[in-house]
Amino acid sequence: MPPSRKEISVQCVIHLHTCGFDSRVSLLPLQMNNSESHPGENQTISPGFILVGFSYLNELQILLFLLLLLIYLLTLMGNLLVILLIKLNPSLHTPMYFFLVNLSFLEMCFTSSVVPQLLVHLLVEEKTISLVGCAAQMYVYSIMGLTECCLLAAMAYDRYVAICHPLHYTTIMSGRVCAELAGASWLISITVEIVPTVWIFSLPFCGSYCIHHFFCDIPPVLKMVCADTSNIRIVGFIVTGLFVINPFLLILLSYVRIISTILKLPSAEGRRKAFSTCSSHLTVVTFFYGTALITYLVPKSDSTKESDQMISLMNTIVAPLLNPLIYTLRNKEVKGAMRKAVVKSIFAHSRRN
C-alpha cells in the first residue's frame, strides 16, 4: 500500500534534519504510487521536486540573496556593455570580437537559467520546481555548457590562425566562416541535448524527491530516477567526449602550435604582443574547464554537498561575471573603445548643457 502524503512529508523532513537542513523548508505534496518493476520503491507521477539548495544557511539566506542579486546584475550589465561596445565600434568588427559577442550573450543566458529561480528560493520557504520547469532548466543549462565549449574552441582556432597564419587570416576567418562556426556551436548543442533531457524525464522518479542542489543539474536529478540509468550515463559519456573533451583537446593543440610559433619570433616585444592577444582567452578557458572538472570529475567521496554547491556557484554565477572583466581589463582595444565611448558620452552631455 503506497504511503500517504503525510508520511512522505514526515520522511522528507526527517531526511532534511539528518542532513542538517532546516525543517521549515516547505514540502510539495506529490502523488505517489508503486512501480510494478520496483515494487519496494515509491515512484513520483506528479509534477515536482524540492530544491534544498542553501536551506542549511537558515536566516543567512537573505545575505546570500543580496550578494547573488548584486553579482547577477553586474554580470548582465558587464556582458551587455561588452556587446554594445563591440557593436558600436567598427574597429572591433573582427572575428575575435564576433565570437566574444556570442560568448557574452551566452554568459547572460547561462547565468539567467539558474540565478532568477535561486534568488526566489532564497526568499521563500517553499523551494519547489515542477517537472517541466526542472526539465527546461536542465536543457537550457546543458545547452549553454556545450555551446561554451564549442565557442571557446572556435576562439582558440581564431587565435591559431591569427598567429600561425597571419597572411591568410582574413581569407580563412571570413565573416561566413565565423558565422558558420558560431551557428554550428549553437545548433549542435541545442540538438544534442534534446535526447538526454527527454530520456531522463521519461523515466519514473522515486524515493526522497528532495534534490540537494540549487538547480536541476543532471547528476542530482539522475539520483532521483528509480530505473536503470546505465544507458543514459553511456550517452552522457559520449556527449561529453565529443562536445566537451574534443573541444578541449582542440584548444590544447591550438595553443601548442601558438606557443611554438611565438617562441620562434625574433624579438621579445613581438613575443609579448603575440601572447597578449591570447592571454584573455587562455584565462577564460582555464577557469571554465577548471571549475567544470572539479564539479563533475572529483570523486564524491572527497567532497560534501555544501562544497559541491559552492563550486557550482563559481561556475554558474562567478565565471559569467569575470569573463567580461577579463576581456576588458586585459584587452587594450576594448579598453580603448570604452574610453572613447565614455569621452563621447561626456562630450555629448556637455554640449546639451
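Trainee: What volume does the largest pocket have?
Mentor: About 1,400 Å³ for the largest pocket. This is a predicted model, where local features need pLDDT of at least 70, side-chain atom pairs count only at pLDDT 80 or more, and totals for chains, interfaces and linings use all residues. Residues are numbered from 1 along each chain as its sequence is written, and side-chain values use heavy atoms, without hydrogens and water.
Trainee: Which residues are closest to its centre?
Mentor: Asp217, Ile218, Pro219, Thr295 and Tyr296, out of the 48 that line the largest pocket. A pocket is an open set of points on a 1 Å grid where a 1.4 Å probe fits, with protein on both sides within 12 Å along at least five of seven lines, and lining residues have an atom within 4 Å of a point; the volume is the space filled by probe spheres set on the points.
Trainee: Which helix gives the most to that lining?
Mentor: H10, with nine residues. H10 spans 230-263, and among the other elements that supply at least two residues each are helix H5 (131-164), helix H11 (268-297) and strand E6 (210-211). Helices (H or I, at least four residues) and strands (E, at least two) are DSSP runs, numbered from the N terminus.
Trainee: How many residues of each class line it?
Mentor: The lining of the largest pocket has 28 nonpolar, 13 polar and seven charged residues. Asp, Glu, Lys and Arg count as charged; Ala, Val, Leu, Ile, Met, Phe, Trp, Tyr, Cys and Pro as nonpolar; the others, Gly among them, as polar.
Trainee: And the second largest pocket, what's its volume?
Mentor: About 330 Å³ for the second largest pocket. Met96, Tyr97, Thr277, Asn331 and Glu333 are the closest to its centre, of 15 lining residues. H11 provides the largest share of that lining, four residues. By class, the second largest pocket is lined by four nonpolar, five polar and six charged residues.
Trainee: New topic. How many aromatic pairs are there?
Mentor: Twelve. Rings of Phe, Tyr and Trp (its six-membered ring) pair if their centres lie within 6.5 Å; planes over 60 degrees apart count as edge-to-face, under 30 as stacked and the rest as tilted.
Trainee: Why is Phe49 with Phe205 edge-to-face?
Mentor: Because their planes stand at 85°, with the ring centres 5.0 Å apart. Phe49 lies in strand E3 and Phe205 in strand E5, so the pair ties together parts 156 residues apart in sequence.
Trainee: Are those two buried or exposed?
Mentor: Both Phe49 and Phe205 are buried, meaning under 20% relative accessible area; exposed is over 50% and partly exposed in between (1.4 Å probe, protein chains only).
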